[in-house]
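Me: Pick a single part of this one and give me a close look at it, please. I'd like one connected account.

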Amino acid sequence: MSQGKKEASEAEKVDKPVLTDWRPEDEEFWEAHGKRIASRNLWISIPSLLLAFCVWLVWSMVATRLNGIGFDFTTNELFWLTALPGLSGATLRIFYSFMVPIFGGRRWTAISTLSLAIPAVWMGLAVQDPTTTFTEFALIGILCGFGGGNFASSMANISFFYPKAQLGTALGLNAGLGNLGVSVMQFTVPIVIGYAIFGALGGDPVTLQADGGTREIYLQNAGYIWVPFILLFAVAAWIWMNDIASAKASFKDQAVIFRRKHQWLMSWLYIATFGSFIGYSAGFPLLIANQFPAVEGVQYAFLGPMVGALIRPVGGWMADKLGGASVTFWNFVVMIAAVFGVIYFLPLGDSAGSFWGFFAMFMVLFVTTGIGNGSTFRMIPVIFRTQHERWSAGKGGQAEQEAVRNANKESAATLGFSSALAAYGAFIIPKSYGTAISLTGGPAAALYAFIAFYFTCLAVTWWFYYRKNAEVPC
């Protein structure tokens, strides 16, 4: 057999729907086969995750227009609709965290992506019906949580494909470009609702009352526009992604993370980074409309999630180069300063505040959430690999290989579970705004609470990971 035919035969043997031989830390294997397979899985995972974020956070834009098309919801109810997908998405992540080792990354990505079509279609139908109740809208919001759940399984899946040295960048790309779905959605929805994109199939327009006038819009397109892409990438995942046989594990095998102290510590930190990113993203358009009604600021809301998502891979890369703990620690310092800046520029009493000052501080805040997302997710695999290497030291090669496998499985489960806890930020932050505004007339009380939380994260990072003689320096 010629060399070319031999290499083709080996590639065909390795690259099957279920990968029975997967050794990303083996440099020769990685260069010959692994890099290509991992890259293909990553570049299907990214748009699938982007669509998940589009559906998950779509209420952040739809809620700002419901009363304008004839519904009559209170400010608190609108914040509820914005927050409910965060509550359900975070809860689903707890279960999705463990799905990849049970079902396989290829199968689960295809199924979970396809599920996004359910709330997308239902939303499109519901906004056209003036008799739709708040309860029905709330149920649709809860189902939009399918998109939130997908993040946990997506990140866990990609964590199995890459070697340790490249994991921060790979996870940063998957999450960062996936998170970009929030800004893609917030940019796209105001455009697509202005046109009859789907013709008669999409239904009739609704009348929007705004700025003292009326115009016809197709608010249903906020849901429908994602459906063709959902179907496309669900099929792509099924055909071209892979399951990894060595990544198989039962829930019982993965549940060991609940006994790992660092799983809970890193979850606490990730709540502050990703929880802030997704919560600020969900609440930003409605907060702008509430605090600066005289300014056409909602049209700029997509910029916050966009910069936070685009900077996330940089956070992973910085952590690869400088150390995750160092990047995370100083990032929290800047986060705290940025929130104080947001409070400073809010309207207060007779002062109208400064929209552009408020907006600039939020842009800084979104940047820090993105960097922190990347750096904390880089810390998790390093922490678990370090601990398992310590436990297996001096016990022979077989024990060391088993330690690597266990570290990978526990890291993947922790990546998923920590993202589940963090996703509650998509509920907590918008709801905190609504509650603070109802009780005090403004959101400052909620923002001060966030600052207090960030100080606890600063302390945890310094004590366990950053200071000299830290338990697990990373």
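Reply: Let's count a salt bridge as a side-chain nitrogen of Lys or Arg within 4 Å of a carboxyl oxygen of Asp or Glu. The model is predicted, so to speak only as good as its pLDDT: local features need at least 70 and side-chain atom pairs 80 or more, while totals for chains, interfaces and linings use all residues. Residues are numbered from 1 along each chain, and side-chain values use heavy atoms, without hydrogens or water.

The structure holds nine salt bridges. In one of them, Glu-25 meets Arg-385 at 3.6 Å, N to O. That pair spans 360 residues, from the loop between β1 and α2 to helix α17 (DSSP runs: helices H or I, at least four residues; strands E, at least two).

Now for α20, residues 444-466. Its axis comes within 7 Å of that of α19 (425-440), crossing at roughly 135 degrees (C-alpha fits over the stretch in contact, N-to-C, 0 to 180). The two are therefore oblique, meaning not under 35, over 145 or 65 to 115 degrees. Ile-429, Ser-432, Tyr-433 and Ala-436 of α19 touch Ala-445, Ala-446, Leu-447 and Phe-450 of α20 (heavy atoms within 4.5 Å). Tyr-466 is also in α20.
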